[in-house]
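Visitor: I have the model open and want to know how its labels are earned. Can we go through them one by one?

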Amino acid sequence: MNVRTPPLQTKFPTIGTTIFTVMSALAAEKGAVNLGQGFPDFDCDPKLVDGVTEAMRKGLNQYPPMTGVPVLREAVAAKIEALYGRKYDAATEITITAGATQAIITAILAIVKPGDEVIVLEPCYDSYVPNIDLAGGKVVRVPLTPGTFRPDFARISAALSPRTRAIVINTPHNPSATVWTREEMLQLQDLLDPTDVFVISDEVYEHMVYDGQLHQSAARFPGLAARSLIVSSFGKTYHVTGWKIGYVAAPAVLTAEFRKVHQFNVFTVNTPMQYGLASYMASPDPYLQLPAFYQRKRDLFREGLARTRLKLLPSEGTYFQCADISGVSALKEAEFCKWLTVEFGVAAIPMSALYVDGDDQGIVRFCFAKKDETLRAALERLAKL
Ligand SMILES: Cc1ncc(COP(=O)(O)O)c(C=O)c1O
């Protein structure tokens, strides 16, 4: 018998271990404060855990409906209507997913055929490009404006072609922490108006927008909503990133296609978490209070960073703060992040990790979704920079 694994031709020759895994491992090895990966180091509201526990005790532990439990879909539809003024039908237009990551890949697999072009705005969340590759699509990368990270509509317009199937947008934006304005969304709406291009609108940080600005969901704009699959994540909103649960809101015809892939992808999402979230969503307070909660952390972190030689970029939304390292070091971003972790005990993420070709602009990203004491410990270390 020949005991051997047959040779495999990799589908992803250029993909290795991501910088997030590398930096988290280095942070753990060096005992560094990990402001790299984006997740809170504090717990969620115990009431949410109670709701999930209650659902488990009640015996709600078997497969839920493929599309998600009705009470949760209804709660999501009610929230979107209250916040953004668009009514999605809970039965045919809302689907519960295993986090935003599964929602995004499922959306891409549902609408992108081999050879279709999909526009992504770089830097971007690292799953978009491999997802498009998996669907056999052609990734068309358009940079956000260097320095400000605002969308450049002249370049987006130039990237549109008769083969463009979709564009992926993300506001509030990871990693730059910019928030698209109403005018920018209107420009996108006008630009796409004469086209058949779909929008995958990644809005996982929808409830983290600061300084009185409003989140401009694609749901607010009729022309965009009609062509968009809007993705969000309960993990980000309720401090439960490990639960991997999110949703997609899209017009019924798009949702029908989405669900064809979803049912053979994950089929459905864990039941007790869905019931727990549905009862927790009866009050809007947790997400309405989120901007103030994170804005205070952002300000605490920015005040400390402002005393270092790092140059702060604006943080309009998300739980990220970017900083220009050029006043501190001439190292490449990735080398700087390793040096910072080893020598100063604070881990960050190089922005270049979120560009396919590793574009290096001397900018690193910190995550401030941390306890105040964690942020203070990091700032104490960074003060020596
Ligand atoms: C822009 C963006 N989209 C999607 C996700 C994934 O969300 P989830 O954890 O719900 O899969 C993240 C998580 O970091 C993100 O930053």
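Guide: Here are some questions about the pockets and the ligand, with the reasoning behind each answer. Keep in mind that this is a predicted model.

Visitor: How do you know that the ligand sits in the largest pocket?

Guide: The test is whether more than half of a molecule's atoms lie within 2 Å of the pocket's grid points. The ligand passes, so we say that it sits in the largest pocket. That pocket has a volume of about 1,200 Å³, and the second largest has about 240 Å³.

Visitor: What makes a residue part of the lining of the largest pocket?

Guide: A lining residue has an atom within 4 Å of a grid point. For the largest pocket 46 residues qualify, and Thr18, Phe20, Tyr125, Asp126 and Leu354 lie nearest its centre. Several elements supply at least two of the lining residues each, among them α1 (19-30), α5 (128-134) and β4 (138-143). The largest share, four residues, comes from α4.

Visitor: What classes of residue make up that lining?

Guide: There are 24 nonpolar, 13 polar and nine charged residues in the lining of the largest pocket. Tyr counts as nonpolar, so Tyr125, one of the residues nearest the centre, goes in the nonpolar group.

Visitor: Which residues surround the ligand itself?

Guide: The shell includes Gly99, Ala100, Thr101, Tyr125, Asn170, Asn174 and Ser233. Asp202, Tyr205, Lys236 and Lys244 also belong to the shell. Again α4 gives the most, with three residues. By class, the shell has four nonpolar, five polar and three charged residues.

Visitor: Why is the pair between Asp202 and the ligand called a polar contact?

Guide: A polar contact needs a pair of N or O atoms within 3.5 Å. A polar side-chain atom of Asp202 is 2.6 Å from a nitrogen atom of the ligand, so the pair counts. Tyr205 has a polar side-chain atom 2.6 Å from an oxygen atom of the ligand, and for Lys236 an N or O atom in the side chain is 2.7 Å from a ligand oxygen. Both are within the 3.5 Å cut-off, so they count too.

Visitor: And how much of the ligand does the protein bury?

Guide: The ligand exposes 390 Å² when taken alone, and the protein buries 92% of that.

Visitor: What lines the second largest pocket?

Guide: It is lined by 16 residues, with Glu206, Gln213, Leu214, His215 and Pro291 nearest the centre. They divide into eight nonpolar, five polar and three charged. α3 (70-84), α12 (285-288) and α13 (290-305) each supply at least two of them.

Conventions. Residues are numbered from 1 along each chain as its sequence is written. This is a predicted model: local features need pLDDT of at least 70, side-chain atom pairs count only at pLDDT 80 or more; totals for chains, interfaces and linings use all residues. Side-chain values use heavy atoms; hydrogens and water are left out. On a 1 Å grid over the protein atoms alone, a cavity is a set of points where a 1.4 Å probe fits but cannot get out, and a pocket is an open set with protein on both sides within 12 Å along at least five of seven lines; lining residues have an atom within 4 Å of a point. Grid points are joined across faces, edges and corners, and a volume is the space filled by probe spheres set on the points. A residue is near a molecule or strand if one of its heavy atoms lies within 4 Å of it. A polar contact is a pair of N or O atoms within 3.5 Å; within protein, one must be able to donate a hydrogen and the other to accept it, and residues adjacent in sequence count only if both atoms are side-chain atoms. Accessible areas come from the Shrake-Rupley method with a 1.4 Å probe; for residues, only the protein chains shown count as cover.
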